[in-house]
Amino acid sequence: LLHSLLIAPGESFYMDANEPHAYVAGEIIECMACSDNVVRAGLTPKFKDVENLVNMLTYSMGGPSIDAGSSPTFGDDRIMRYTPPTKEFEVMVMTCNPGEDLNMPKLAVPAVFIVIEGSGSTDNTQGQRLVMRPGRSYYIPPNCPPLTLSVSGTKRGPLRIAVAHQNQHIHCPTVSPAGSPQTYAGEFNLGASPMNPKSPRRIAGNSCPEPPSLSG
């Protein structure tokens with residue numbers, strides 16, 4: 001049996017390897033580690049490897065923790081960081097409101113970003129300009145000159161992009177892996193229990209030091 005999990009806009013969760021999952025409705029961003037193996041459990045006309053599936057599953061109990069992200073990141077509360085307990089990747093969501101500019105941090109690792117909402121433009125010190133539209137994606141090479149997001153004051157909504165890259169905050173994860181002992185001080189506050197899910201929370205006042213190589 002699978003848990004039914006409802007997440008709100010801006011929330012995320014981390015799934016470790018060998019954990020089955022399926023999307024029922026809605027739109028999400030899924031960031032995955034490099035893998036050459038996908039084992040399907042059902043609901044698909046593609047090949048289903050039942051024997052391998054049965055052998056590889058963890059059969060762990062309990063659902064994942066909900067991650068509402070960490071802010072500010074790189075000194076800017078418009079940059080939200082979602083850092084899993086794995087070295088392969090992390091995701092930052094950047095929001096630039098109408099009439100504002102937002103300086104993206106300089107990354108020492110390659111990154112990919114996708115425009116998930118709104119429109120605007122971005123420039124760098126070399127005069128390169130990109131026009132931002134929903135659904136467009138871009139590759140950022142290591143040590144690329146920092147980009148500046150810009151949104152006209154006449155726009156009605158923000159420009160929002162999601163940036164994925166190698167995990168640079170592995171010692172400061174924003175979420176625990178599924179199956180980790182969790183506590184919940186809920187409405188009735190009946191005491192801590194490893195079986196209770198942790199309530200979603202946003203980590204404010206980020207105390208995780210930024211790597212020197214990522215200075216903007």
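Here are five short exercises, each with a worked solution, on the predicted model shown above.

Before you start, note that residues are numbered from 1 along each chain as its sequence is written. In this predicted model, local features need pLDDT of at least 70 and side-chain atom pairs count only at pLDDT 80 or more, while totals for chains, interfaces and linings use all residues, and side-chain values use heavy atoms, with hydrogens and water left out.

**Exercise 1. Get your bearings**

Find how many helices and strands the protein has, and what share of its residues is buried.

Solution. Start with the elements, which are DSSP runs numbered from the N terminus (helices: H or I, at least four residues; strands: E, at least two). The protein has 1 helix and 11 strands. Reading from the N terminus, the order is α-β-β-β-β-β-β-β-β-β-β-β.

Next comes burial: a residue is buried under 20% relative accessible area, exposed over 50%, and partly exposed in between (1.4 Å probe, protein chains only). Of the 216 residues, 31% are buried.

Finally, look at contacts, meaning heavy atoms within 4.5 Å. Among contacts with a separation of 6 or more, 67% are between residues 24 or more positions apart.

**Exercise 2. Locate the nonpolar cores**

Work out which strands each supply at least two residues of the largest nonpolar core.

Solution. First, the term: a nonpolar core is a set of buried Ala, Val, Leu, Ile, Met, Phe, Trp, Tyr and Cys residues joined through side-chain atoms within 4.5 Å. In soluble globular proteins, nonpolar side chains tend to be buried together.

The largest core here has 20 residues, and Met-94, Met-104, Phe-113, Leu-149, Leu-159, Ile-161 and Val-163 have the most contacts inside it. The strands you are looking for are β3 (90-96), β5 (111-117), β8 (137-140) and β10 (159-165). There is also a second, separate core of 5 residues, including Met-80, Tyr-82, Val-93 and Ala-162.

Now zoom in on Leu-159. Setting aside neighbours within four places in sequence, its contacts include Met-94, Val-115, Met-132, Leu-149 and Val-151.

**Exercise 3. Trace the open sheet**

Determine the strand order of the open sheet of 4 strands, then name its edge strands.

Solution. Strands of a sheet pair through backbone hydrogen bonds, either parallel or antiparallel. Here, two strands count as paired if DSSP finds at least two bridges between them.

The order is β4-β9-β6-β7, with antiparallel pairing. At the edges are β4 (101-103) and β7 (129-132), each pairing on one side only. From one strand to the next, the twist averages 20°.

**Exercise 4. Follow strand β6**

Which residues stand opposite Asp-123 in β7 and in β9?

Solution. Take the β7 side to begin with. Strand β6 (residues 120-123) runs antiparallel to β7 and is joined to it by 4 bridges. Asp-123 faces Arg-129 in β7, and Gly-120 faces Met-132. The hairpin of β6 and β7 has 5 residues between the strands, and Gly-127 there takes a positive phi near 80°.

Then turn to the β9 side. Strand β9 (residues 148-150) pairs with β6 in the antiparallel sense over 3 bridges. In β9, the residue opposite Asp-123 is Thr-148.

**Exercise 5. Map the salt bridges**

Identify the residues linked in a network of salt bridges.

Solution. A salt bridge is a side-chain nitrogen of Lys or Arg within 4 Å of a carboxyl oxygen of Asp or Glu. The structure holds 3 of them.

Begin at Arg-78. Its side chain meets that of Asp-76 at 2.9 Å, N to O. Arg-78 also forms a salt bridge with Glu-100, the closest N and O atoms being 3.0 Å apart. This second pair links distant parts of the chain, with Arg-78 in the loop between β1 (67-71) and β2 (79-82) and Glu-100 in the loop between β3 and β4, 22 residues apart. The network is therefore Asp-76, Arg-78 and Glu-100.

Compare their exposure: Asp-76 is buried at 15% relative accessible area, whereas Arg-78 is partly exposed at 22%, and Glu-100 is partly exposed at 27%.

Another salt bridge joins Glu-117 and Arg-160 (2.2 Å, N to O). Glu-117 lies in strand β5 and Arg-160 in strand β10, so this pair ties together parts 43 residues apart in sequence.

Technical notes
Axes are lines fitted to C-alpha atoms, for helices over the stretch in contact, and angles run from 0 to 180 degrees between N-to-C directions.
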